[in-house]
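User: Could you take a close look at one part of this protein for me? I would like to follow how its side chains and helices meet, step by step.

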Amino acid sequence: MTNTAAVRKLKPVRKNARRAVRNLSDRLLKPQDMVLAGRSPYEVIHDNGLVRLRHYHPLAGDYILLDGVKVPVAQERHAVPLVIVPPLAVNMYIYDLFPERSMIRYLQARGYDIYLIDWGVPRRRHAHYNLATYCGELMPEFLAKVREHSGSLDLSLHGWSMGGICVLCYTALNHDKHIRNLMVLGSPINSHASGKLGKMYQMLNRQAEWVRNNTGFRIHNLNPQWLHTPGWMNTLGFKLMDPVSNLRGYWELLGKLADRDFVINHATTASFLDGMVAYPGGIVQDMSVRIWIDNELAKGYMTIGDREMRLSDIDCSLLVFAGKTDNMVTPAAVETLLDFVSSTDKEFRVAPGGHLGLVHSSKAPEHIWKTIGDWLESRSD
């Protein structure tokens, strides 16, 4: 082989090496410059210093691209606004992760007026916030602002994971008859039925029962400051639920550093996974005792502060999803919700994917977003 031929063969190798070095440098030193998430424009219409209410601007143009496919933009908006109620601990990127794979943009294109309650980043001074704070105080305040801004009393609420617990608790606790539709995704109703985690909760329940009967110790008697969970701990806990997939993602990154699009996609996804926020200690107390250990919702009720919330007080239209491979909240832990509500218009579906995939995955647009858009259509005018 001549020197000239050898040089020609080395050129693409060197070029890829330069690309890999440049991409690695940007990924490590300027990761936010690569993030595509959160591009949909919105205005903040209410801000209490911690929680903010977003209203997303109407889409411009005749269509949006969804994974390269054109989706027509509806020329008229449905009368009933759609309010997204996220779980705590997550950042809001998950709902608007990529310009061409954004749940918010898709539902806007289907004609829905989108609001989102951004719970903000709780600090130590918010450690006493609990379910009564979020479902009995903050949600009534912010949904009143949605109604004031939109001019509609009737609302549809979308809640994923703990967000689903919030929309159920709000609707039942406040007896809000103007909640037209509820969409609940991957929310634990019977935590003890949730696979291996459910068995662990059952074991904790037996131990907690012994503690109650033999000691004066109660988790709710602890200072919530001691249980305030920082964001990095929530990020670590989420990743430990599926450590193999997380390690595989970084291994693939090393092998594809020369691929700018892959590195950008990795940085964008990581912006969500690495950006989780704190759980207030009061929420940790309520969730660990009410939802996981005592499994109260599996009996159709739950204590919230000094009040009792009953699922039977919910009678609006209800669409419930569970992830087929969700190890955190299995379908068996979710489906029992339909047994307790008074709704006659109710539906349960199992969709492909795990817990995160219920909101964002390659299959979510077809199996979840489209289903939500179709289901809401006849229930939003």
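What follows is a walk around helix α4, its aromatic neighbours and its partner helix, with a few other spots at the end.

Analyst: Happy to. Please keep in mind that this is a predicted model, and that every value below is computed from it.

Let's begin with the rings. The structure holds five aromatic pairs. In one of them, Trp119 and Tyr134 have ring centres 5.0 Å apart and planes at 85°, so this pair is edge-to-face. Where do the two residues sit? Trp119 belongs to the loop between β6 (114-118) and α4 (131-150), while Tyr134 is part of helix α4 itself, so the pair ties together parts that are 15 residues apart in sequence. Trp119 is buried, at a relative accessible area of 2%. Tyr134 is buried too, with 0% relative accessibility.

Tyr134 has another ring partner in Tyr129: their centres are 5.9 Å apart and the planes stand at 75°, so this pair is also edge-to-face. Tyr129 and Tyr134 are both buried. Put together, ring pairs join Trp119, Tyr129 and Tyr134 into a cluster.

From the cluster we can move along helix α4 to its neighbour. The axis of α4 comes within 9 Å of the axis of helix α5 (residues 162-173), and the two cross at roughly 80°. With that angle, α4 is roughly perpendicular to α5. On the α4 side, the contact is made by Leu131, Cys135, Gly136, Met139, Pro140, Leu143 and Arg147. Facing them from α5 are Met162, Cys166, Val167, Cys169, Tyr170 and Leu173. By type, the residues in this contact divide into 11 nonpolar, one polar and one charged.

Helix α5 deserves a look of its own. Thr171 lies in this helix and is buried, at 4% relative accessibility. Leaving aside residues up to four places away in sequence, Thr171 touches Leu157, Asp176, Ile179, Leu182 and Ile314. Just before the helix, in the loop between β7 (155-160) and α5, you will find Ser161. Ser161 is buried, with a relative accessible area of 15%. Its backbone is worth a glance as well: phi of Ser161 is near 60°, a positive value in a residue other than glycine. For context, most residues other than glycine have a negative phi.

Asp67 also has a positive phi, near 50°. Asp67 is located in the loop between β3 (63-66) and β4 (69-72), and at 40% relative accessibility it is partly exposed. As for the strands on either side of that loop, Lys70 lies over the face of Tyr63, 4.5 Å from the ring centre.

Two more spots bring together residues that are far apart in sequence. Met200, in helix α6 (residues 195-214), is partly exposed at 37% relative accessibility. Met200 and Trp292 are 92 residues apart in sequence, yet their C-alpha atoms are 9.4 Å apart in space. Ser361, from the loop between β12 (346-351) and α14 (364-377), is buried at 18% relative accessibility. The C-alpha atoms of Ser361 and Arg101 are separated by 8.7 Å, although these residues are 260 apart along the chain.

To return to where we started, Tyr134 of helix α4 pairs with Trp119 and with Tyr129, and the same helix crosses α5 at roughly 80°.

How values were computed. Residues are numbered from 1 along each chain as its sequence is written. This is a predicted model: local features need pLDDT of at least 70, side-chain atom pairs count only at pLDDT 80 or more; totals for chains, interfaces and linings use all residues. Side-chain values use heavy atoms; hydrogens and water are left out. Rings of Phe, Tyr and Trp (its six-membered ring) pair if their centres lie within 6.5 Å; planes under 30 degrees apart count as stacked, over 60 as edge-to-face and the rest as tilted. Helices (H or I, at least four residues) and strands (E, at least two) are DSSP runs, numbered from the N terminus. Buried means under 20% relative accessible area, exposed over 50%, partly exposed in between (1.4 Å probe, protein chains only). A charge sits over a ring if NZ of Lys or CZ of Arg is within 6 Å of the ring centre and within 35 degrees of the ring normal. Axes are lines fitted to C-alpha atoms, for helices over the stretch in contact, and angles run from 0 to 180 degrees between N-to-C directions. Angles under 35 degrees count as roughly parallel, over 145 as roughly antiparallel, 65 to 115 as roughly perpendicular and the rest as oblique. Contact means heavy atoms within 4.5 Å. Ala, Val, Leu, Ile, Met, Phe, Trp, Tyr, Cys and Pro count as nonpolar, Asp, Glu, Lys and Arg as charged, and the others, Gly among them, as polar.
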